[in-house]
Number of protein chains: 2
Amino acid sequence: MPVCPDFPGADASGICGVNTLQSGVELHRLLDTGTVRKGVVVGGGYIGLEMAEALVRRGLEVSLITHSPEVMNTLDADMGRLVSQALRDLGVTLYLEETLTDFVTKKGKVTGVKTDKRSLPADLVILGLGVRPNTGLAAAAGIPLGEKGSIRVNGRMETGIAGIWAAGDCAESFHLISCRPMYIALGTVANRQGRVAGINLGGGYATFPGVVGTAVTKICQVEVARTGLQEKELSALGIEWVSAVIKSRTKAGYYPGAGEITVKVLAERGSGRLLGGQIVGMEGSAKRIDTLATALHAGFTVEEMINLDLGYAPPFSPVWDPVVIAAREAAKLL
Amino acid sequence: MPVCPDFPGADASGICGVNTLQSGVELHRLLDTGTVRKGVVVGGGYIGLEMAEALVRRGLEVSLITHSPEVMNTLDADMGRLVSQALRDLGVTLYLEETLTDFVTKKGKVTGVKTDKRSLPADLVILGLGVRPNTGLAAAAGIPLGEKGSIRVNGRMETGIAGIWAAGDCAESFHLISCRPMYIALGTVANRQGRVAGINLGGGYATFPGVVGTAVTKICQVEVARTGLQEKELSALGIEWVSAVIKSRTKAGYYPGAGEITVKVLAERGSGRLLGGQIVGMEGSAKRIDTLATALHAGFTVEEMINLDLGYAPPFSPVWDPVVIAAREAAKLL
């Protein structure tokens with residue numbers, strides 16, 4: 001279920017979530033009337049950023065409000081800053097470290113929003129405040145809940161009540177790097193969980209070992225990817241780390257179309273165990289996160305990553321892949 | 001050193017290798033005279049294919065001769081066939097399973113080639129027959145040689161004579177999947193070996209654990225990648241395997257620009273240990289080999305690969321990444 005503030009006026013027309021096909025259809029219909037000029041997006045995550053881009057492309061004047069220091073707070077702020085800049089380059093006005101406090105409406109229609117710092121006019125307000133698990137029924141049935149109210153499951157996706165199974169945005173995951181339960185509402189996780197639950201429901205045997213927290217998105221030409229734990233999660237867990245941020249190119253430097261890529265790698269202080277990685281860059285950047293994600297699953301140290309035999313040819317990569325350059329730099333800091 | 005047949009006429013003008021900057025400059029100069037109409041490429045590997053594409057783009061009538069059943073014999077024939085087709089689509093005439101037997105020359109200039117099956121006219125013959133290690137000096141100095149005459153080295157890149165080190169196209173590598181020495185003349189390997197040799201020469205300590213045999217290239221829009229062992233290598237090693245070949249898309253099916261991708265995964269019969277992978281597909285295909293390469297380094301089974309937490313968003317991938325779909329299919333065959 002999408003998170004929605006319970007301020008007065010939240011049901012006014014022009015205030016939308018984008019969480020079902022139907023909500024997308026309705027938003028399209030509203031935009032097609034041609035009467036919408038000023039859009040305010042609340043939330044700097046995947047949905048917020050994708051909607052901000054879509055509205056700019058439709059010719060709207062777009063503002064985005066987030067309570068975080070930079071958009072995309074699943075990245076560390078130094079990497080999120082690159083994404084904030086990409087949005088500004090697109091023409092989006094950012095209001096960082098601000099909190100939505102009120103909707104302004106007139107005759108059942110939204111006319112603006114208020115934050116803790118300002119008022120903004122708006123014909124359209126899009127809420128991208130994340131989701132929470134829709135587990136009221138499960139709770140009422142006495143099924144034990146876990147992280148953020150999601151349904152606690154074992155490795156086979158069975159709930160605390162034998163014979164009742166859960167998978168998808170209502171269910172908890174296990175994070176393989178923090179070794180803690182975690183709530184991640186992503187389609188990939190839901191899909192893999194569903195496969196495991198289905199096999200078990202059908203009398204087979206399968207387990208879902210857990211996630212490393214991989215996600216990718218793009219804002220126009222800028223690709224964004226993350227995996228593992230970020231600095232604030234490491235701090236909360238009491239894990240000490242080193243980090244390296246490097247700039248490289250998506251292809252050999254002399255090859256036409258080579259674009260900039262920035263890679264951050266986090267490794268445990270001392271042991272060198274890879275803890276996470278973040279990527280912001282041009283075309284060809286984002287899916288490089290898969291190398292880091294696979295290395296996380298493998299429990300590799302950054303030292304072990306230096307000699308990974310990755311694919312190289314000038315149209316695809318520098319001789320040293322950017323993720324390996326970042327691992328190499330992190331290894332120097334252990 | 002490039003492999004060159006020692007037939008009479010091999011030094012005729014119009015017969016070129018492409019192995020140094022200077023040989024590239026000379027080839028350019030020859031093509032710029034505008035007198036070259038018919039090009040024959042000998043060899044179906046990386047250099048042969050890249051040169052065939054380059055000559056077609058220059059407007060030449062291009063033939064390619066290879067002794068293998070399909071071009072790119074570092075892929076299994078079923079995957080190589082896709083690359084052969086890409087070359088034919090480009091307008092290259094292929095002569096498969098044919099062997100160069102002679103050069104035809106007139107007044108010191110090449111006018112054609114002969115194979116075991118035919119004669120072909122040619123103004124230009126490009127040799128892409130691979131390289132062999134340039135180790136005459138090392139052999140004369142009594143340094144022990146290994147695979148294909150390359151210099152045998154230990155994990156620190158030290159030769160059999162203490163204090164003498166080797167790295168690059170003259171040196172042997174260790175293959176992490178076959179657990180055998182192997183000769184691989186690729187820039188990435190040379191670069192990583194050079195780093196290790198340099199650290200050790202400078203009094204430090206570093207080891208080069210070995211390679212998994214990853215390589216990528218492209219022919220126009222078609223991207224090609226391979227890692228690990230291919231079927232003929234597995235046969236020679238006495239390893240039994242299962243394989244799965246799947247077709248998927250590079251992006252979500254409904255997303256603009258989604259292209260076809262074919263992935264083959266090889267896994268050990270019974271254990272399910274990943275042994276190798278091959279990819280042929282449109283833009284965004286080749287670097288997916290890095291996930292398979294990293295999984296090879298990790299010693300993953302295909303079963304373990306099913307739940308890899310890889311990046312998904314519609315512009316980048318189907319919900320199940322094609323390499324994971326292939327691993328999942330292979331796991332069903334164990």
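**Figure 1. A:V211 and the residues it touches.** Leaving aside residues up to four places away in sequence, A:V211 touches A:S173, A:H175, A:L176, A:M182, A:I184, A:V189 and, from the other chain, B:D309. Touching here means being in contact, with C-beta atoms, placed from the backbone, within 7 Å. What you're looking at is a predicted model: local features need pLDDT of at least 70, side-chain atom pairs count only at pLDDT 80 or more, and totals for chains, interfaces and linings use all residues. Residues are numbered from 1 along each chain as its sequence is written, while chains are lettered from A and ligands numbered from 1 in the order in which they are written.

To find A:V211, follow chain A to the loop between α5 and β11 (helices are DSSP runs of H or I with at least four residues, strands are runs of E with at least two, and both are numbered from the N terminus). Is A:V211 buried or exposed? A:V211 counts as buried because it has 24 C-beta neighbours inside 10 Å; the cut-off for buried is 20 or more other C-beta atoms within 10 Å, 12 or fewer is exposed, and anything in between is partly exposed. Now look across to A:H297: 86 residues separate it from A:V211 in sequence, yet their C-alpha atoms are 8.6 Å apart in space.

**Figure 2. Helix α7 of chain A, a mostly covered helix.** This helix runs over residues 289–298, and 9 of its 10 residues are buried. Among the buried ones are A:I289, A:L292, A:L296 and A:H297. So what covers them? The cover includes strands β11 (215–219), β12 (222–228) and β15 (274–281) and helices α8 (302–305) and α9 (322–331) of chain A, plus α7 (289–298) of chain B. Just after α7(A) comes A:G299, with a positive phi near 70°.

**Figure 3. Where chain A meets chain B.** Each chain brings 36 residues to this contact. On the chain A side, α5 (187–201), β11 and α7 each supply at least two residues. The largest share comes from α7(A), with 8 residues. Sort the chain A side by class and you get 20 nonpolar, 11 polar and 5 charged residues (nonpolar means Ala, Val, Leu, Ile, Met, Phe, Trp, Tyr, Cys and Pro; charged means Asp, Glu, Lys and Arg; the others, Gly among them, are polar).

How do the two copies line up? A turn of 180° with a shift of 0.0 Å along the axis lays chain A on chain B with an RMSD of 0.0 Å (a least-squares fit on C-alpha atoms of residues with pLDDT of at least 70 in both). The copies are therefore related as by a two-fold rotation axis. Both copies use the same surface, with 100% of the contact residues of chain A recurring in chain B.

**Figure 4. B:V125 in the largest nonpolar core.** This core has 160 residues; a nonpolar core is a set of buried Ala, Val, Leu, Ile, Met, Phe, Trp, Tyr and Cys residues joined through C-beta atoms within 7 Å. Which members touch the most others? They are A:V83, A:V125, B:V83 and B:V125. Zoom in on B:V125 and, not counting residues up to four places away in sequence, you'll find contacts with B:G14, B:I15, B:V40, B:V42, B:F103, B:V110 and B:V113. In soluble globular proteins, nonpolar side chains tend to be buried together.

**Figure 5. Domains 2 and 3 of chain A.** An automatic or database assignment splits chain A into domain 1 (15–127), domain 2 (140–201) and domain 3 (215–331). The C-alpha centres of domain 2 and domain 3 of chain A lie 29 Å apart. Their contact takes 4 residues from domain 2 of chain A and 8 residues from domain 3 of chain A. On the domain 2 side, there are 3 nonpolar residues, 1 polar residue and no charged ones.

**Figure 6. Two loop residues with positive phi, A:C220 and B:K148.** A:C220 isn't a glycine, but its phi is positive, near 50°. It's in the loop between β11 and β12 of chain A, and it counts as exposed because 12 other C-beta atoms lie within 10 Å. B:K148, another residue other than glycine, also has a positive phi near 50°. Look for B:K148 in the loop between α4 (136–140) and β9 (173–175) of chain B. With 16 other C-beta atoms within 10 Å, B:K148 is partly exposed.

Methods: Contact = placed C-beta atoms within 7 Å.
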